[in-house]
Amino acid sequence: MKAYKFLAGDGTGSFSRHCWTLGEWVEADVDPCRAGVHACRPSDLPYWLGPALYEIELDGEIVETGLKVVASRGRLTRCISAWDDEAREAYSQMCIARAAELATSAADRLAKWAPPPTASAGGPALLGFIAARIAEELGGLDAYVDERARQADWLVDRLALT
C-alpha cells in the first residue's frame, strides 16, 4: 500500500524518534498509537503536517484507523520535494485566508480564534487547525471534518499526490 509519512527535517519520526533511511524496510508489531509503522492516507495529511514529507510503501499487516494507517512493515520510497518552504508558506497563507473568511461571518463569536497575521506565528499545522476549529464553531463537527478535507484536497493538488 502506498501512503505518506511526515518526518522531522533530519529524517526522524516525530513520535518514535526512529531515524529513517530511504529504501530500508522497518518492521514492528502493529498496535496503533503504540507500535507499528504509522503513515497517512492523502485525506489524513492535514492532521500530521511536519517539516519533511515522504512517500512510504506499507506491507504486511495493515490496520486503517480514522486518521492514520499502521503497518507491520514500511519503507520510504521517495521524498516529496514539493513540500518545501514555498509550499508550507502557501498552505499557511491559504489557511490564514480561510480562517479570516470564516471568522468574518461571526466575528463577535469567533474573536478568540483569530489566526495570527503571519504564517511564522504558528506554522502550517496550527494554522490548518485554527481554520478547521473556526469551521467547527460555525457548523459543528461535520464542518470541521469538511474543512480538513478541503485542506487535504489542497495538499494533494499542490503536491501532485495520488
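Author: Let's start in helix α3, where Ala-131 lies. Keep in mind that this is a predicted model.

Reader: Okay, Ala-131: buried or exposed?

Author: Buried is the call for a residue under 20% relative accessible area. Ala-131 comes in at 0%, so it counts as buried.

Reader: And which residues does Ala-131 touch, apart from those up to four places away in sequence?

Author: Cys-95, Arg-98, Ala-99, Leu-102, Glu-147 and Gln-151. For a sense of scale, the C-alpha atoms of Ala-131 and Leu-53 are 22 Å apart, with their positions 78 residues apart along the chain.

Reader: Glu-147 is on that list. Where is Glu-147 found?

Author: In helix α4, which runs over residues 141-159. Glu-147 is buried too, because its relative accessible area is just 2%. Skip its neighbours within four places in sequence, and Glu-147 contacts Arg-98, Leu-102, Ala-131, Ala-132 and Ala-135.

Reader: How should I read a buried acidic side chain like Glu-147?

Author: Look for a partner. Side chains of opposite charge can pair when their charged atoms come close. Here, the side chains of Glu-147 and Arg-98 are joined by a polar contact of 2.8 Å. Arg-98 counts as buried as well, at 16% relative accessibility.

Reader: Which other residue forms a salt bridge with Arg-98?

Author: Glu-101, with 3.1 Å between the closest N and O atoms. Both Arg-98 and Glu-101 sit in helix α1, three residues apart, which is about one turn of the helix. Zoom out a little and you get a network of salt bridges linking Arg-98, Glu-101, Glu-147 and Arg-150.

Reader: How many salt bridges does the structure hold?

Author: There are 15. Two further cases are worth a look. In one of them, Arg-41 pairs with Asp-44, and the closest N and O atoms are 2.9 Å apart. Arg-41 is buried at 15% relative accessible area, and Asp-44 is buried at 2%.

Reader: And the other case?

Author: That's Arg-73 with Asp-59, at 3.7 Å from N to O. This pair links distant parts of the chain: Arg-73 is in strand β5 (residues 69-79) and Asp-59 in strand β4, 14 residues apart. Arg-73 is partly exposed at 23% relative accessibility, and Asp-59 is partly exposed at 35%.

Reader: Let's switch to nonpolar residues. In the largest nonpolar core, which members touch the most others?

Author: The idea is to look for buried nonpolar residues joined through their side chains. The largest such core has 28 residues, and Leu-45, Leu-53, Trp-83, Leu-159 and Leu-161 touch the most other members. Elements giving two or more residues to this core are β1 (2-7), α1 (85-104), α3 (123-139) and α4. The largest share, eight residues, comes from α1.

Reader: What about nonpolar residues at the surface? Which residues make a nonpolar patch there?

Author: Phe-15, Trp-48 and Leu-67 make one of about 330 Å². Trp-48 is a good residue to follow. You'll find Trp-48 in the loop between β3 (37-39) and β4 (52-64).

Reader: Why does Trp-48 count as partly exposed?

Author: Partly exposed lies between the buried limit of 20% and the exposed limit of 50%. Trp-48 has a relative accessible area of 31%, so it falls in that middle class.

Reader: What does Trp-48 touch, not counting residues up to four places away in sequence?

Author: Phe-6, Phe-15, Cys-40, Leu-67 and Lys-68. Leu-67 also brings in a polar element: its backbone oxygen lies 2.8 Å from a polar atom of the Trp-48 side chain. As for Tyr-4, its C-alpha atom is 10.0 Å from that of Trp-48, and the two residues are 44 apart along the chain.

Reader: Last topic, the backbone. Which residue other than glycine has a positive phi near 75°?

Author: Cys-33. Cys-33 lies in the loop between β2 (26-27) and β3, and is exposed, with a relative accessible area of 61%. Ala-160 is another case to check, with phi near 55°, again a positive value in a residue other than glycine.

Reader: Where is Ala-160 found?

Author: In the segment after α4. Ala-160 is exposed too, because its relative accessible area is 60%.

Definitions and conventions. Residues are numbered from 1 along each chain as its sequence is written. This is a predicted model: local features need pLDDT of at least 70, side-chain atom pairs count only at pLDDT 80 or more; totals for chains, interfaces and linings use all residues. Side-chain values use heavy atoms; hydrogens and water are left out. Patches are made of residues with over 30% relative accessible area and no salt bridge: like charges are joined within 9 Å, nonpolar side chains (Val, Leu, Ile, Met, Phe, Trp, Tyr) within 5 Å. Accessible areas come from the Shrake-Rupley method with a 1.4 Å probe; for residues, only the protein chains shown count as cover. A salt bridge is a side-chain nitrogen of Lys or Arg within 4 Å of a carboxyl oxygen of Asp or Glu. Helices (H or I, at least four residues) and strands (E, at least two) are DSSP runs, numbered from the N terminus. Buried means under 20% relative accessible area, exposed over 50%, partly exposed in between (1.4 Å probe, protein chains only). A polar contact is a pair of N or O atoms within 3.5 Å; within protein, one must be able to donate a hydrogen and the other to accept it, and residues adjacent in sequence count only if both atoms are side-chain atoms. Contact means heavy atoms within 4.5 Å. A nonpolar core is a set of buried Ala, Val, Leu, Ile, Met, Phe, Trp, Tyr and Cys residues joined through side-chain atoms within 4.5 Å.
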